[in-house]
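Student: Could we go through this structure together, one question at a time?
Tutor: Yes, please bring up the sequence and the structure, and we will begin with the strands.

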Amino acid sequence: MDLSPTSIARDGQSSILIEWTDGSSLRYSAAELRKKCPCATCREKHGAQEKKAFTMPVLSLEEARPLTIKHMRPVGNYAYNIAFSDGHDSGIFTFDHLQEMGQPLTPDV
């Protein structure tokens, strides 16, 4: 069964909640989405970091601020393009990818 989002809402400053057609609700942090960005640039960057023993990272002003999701826009009927507060906006997150990444909501105790 192909699942698709039925609603998306902000969850505080740095997370979103997506409800899916199967009734599930999953939470996504901006940091985790950014870390797992599937774009070619990010995949190449992650591969290069794995090959290097140690490099001293440098952060831009945008990267040093708390990460947020600026906006999301649909890509066809299968994905979202997500723009982050650090200026990165080339990742296309398929619904399948999002479903694998999401954290189930835990009931309040």
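**Strands, core and cysteines**

Tutor: In this predicted model, leucine 26 has proline 104, in strand S7, as its bridge partner.

Student: Over how many bridges do S3 and S7 pair, and in which sense?
Tutor: The open sheet holds four strands in the order S1-S2-S3-S7, with antiparallel pairing, and its edge strands are S1 (5-10) and S7 (103-104), each of which pairs on one side only. The pairing of S3 with S7 is likewise described as antiparallel, and the number of bridges it spans is two.

Student: Which residues have the most contacts inside the largest nonpolar core?
Tutor: That core has 20 residues, and strands S2 (15-20), S3 (25-29) and S5 (79-84), together with helices H1 (30-35) and H4 (95-101), each supply at least two of its residues. Tyrosine 28 touches, among others beyond four places away in sequence, Trp20, Leu33 and Leu98. The residues with the most contacts inside the core are Trp20, Tyr28, Leu33, Phe93 and Leu98.

Student: Why do cysteine 39 and cysteine 42 not count as a disulfide, and how many disulfides are there?
Tutor: Cysteine 39 is buried, with a relative accessible area of 8%, and cysteine 42 is buried as well, at 5%. A disulfide requires the two sulfur atoms to lie within 2.5 Å, whereas the sulfur of cysteine 39 is 3.5 Å from its closest cysteine sulfur, that of cysteine 42, and is therefore too far for a bond. By this rule the count of disulfides is zero.

Definitions and conventions: Residues numbered from 1 in each chain as written. Predicted model: local features only at pLDDT ≥ 70, side-chain atom pairs only at ≥ 80, totals over all residues. Heavy atoms only, no water. Core = buried A, V, L, I, M, F, W, Y, C linked by side-chain atoms within 4.5 Å. Buried < 20%, exposed > 50% of the residue type's maximum accessible area, 1.4 Å probe, protein only. Contact = heavy atoms within 4.5 Å. Pairing = 2+ DSSP bridges.
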